[in-house]
Amino acid sequence: QVQVVESGGGLVQPGGSLRLSCALSGSPFMVYTMGWNRQAPGKQSESVASITSIGSTDYADSVKGRFIITRDNAKNTVYLQMNSLSPEDTAVYYCNADVNPVGGTRAPHWGQGTQVTVSS
């Protein structure tokens, strides 16, 4: 079984920064693309950023130039550096990873979510 644990959310003022982390652990596995989605109150979930196992990245237009996604393959961890935050970035952020457990079935794995609130 593979666990996905996020950390780093919180309250920040407009214009501030936060760094989210997401670590995978558990039984032996291979992890491919990792990413972050977010869901704001009353809105649909949206993909924020993703990164492949070789480091190719993709960003939502709304965060390009402000957010940076990176990963540490040795630690099975993905990060989301969020800069120039605005109230529109307020949401629950969910980590996701395309995981193939050894002896198991390849499938998306999701974390429980971490709240990011941007407010003065």
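**Note on strand β8 and the disulfide**

1. In this predicted model, strand β7 (residues 67–72) and strand β8 are paired in the antiparallel sense, with six bridges between them. Within that pairing, phenylalanine 67 of the structure stands opposite methionine 82 in β8.

2. The hairpin made by β7 and β8 has four residues between its strands, and asparagine 76 in this hairpin takes a positive phi near 50 degrees.

3. Strand β8 is also joined by six bridges to strand β3 (residues 18–26), and β3 and β8 run antiparallel. Here leucine 18 has methionine 82 in β8 as its bridge partner, and methionine 82 is also the residue that phenylalanine 67 stands opposite.

4. As for burial, strand β8 covers residues 77–82, and five of its six residues are buried, so the strand is largely enclosed by the rest of the structure.

5. Searching the whole structure turns up one disulfide, formed by cysteine 22 and cysteine 95, whose sulfur atoms lie 2.0 Å apart. The link between cysteine 22 and cysteine 95 is left-handed, with -80 degrees about the S-S bond. Because cysteine 22 lies in strand β3 and cysteine 95 in strand β9 (residues 91–101), the pair ties together parts that are 73 residues apart in sequence.

6. A reader may ask whether the two cysteines are buried or exposed, and here the cut-off matters, since buried means under 20% relative accessible area. Cysteine 22 has 0% relative accessibility and therefore counts as buried, and cysteine 95, at 0% relative accessibility, counts as buried too.

Note on methods. Residues numbered from 1 in each chain as written. Predicted model: local features only at pLDDT ≥ 70, side-chain atom pairs only at ≥ 80, totals over all residues. Heavy atoms only, no water. Buried < 20%, exposed > 50% of the residue type's maximum accessible area, 1.4 Å probe, protein only. Helix = DSSP H or I, 4+ residues; strand = E, 2+ residues; numbered from the N terminus. Pairing = 2+ DSSP bridges. Disulfide = S-S within 2.5 Å.
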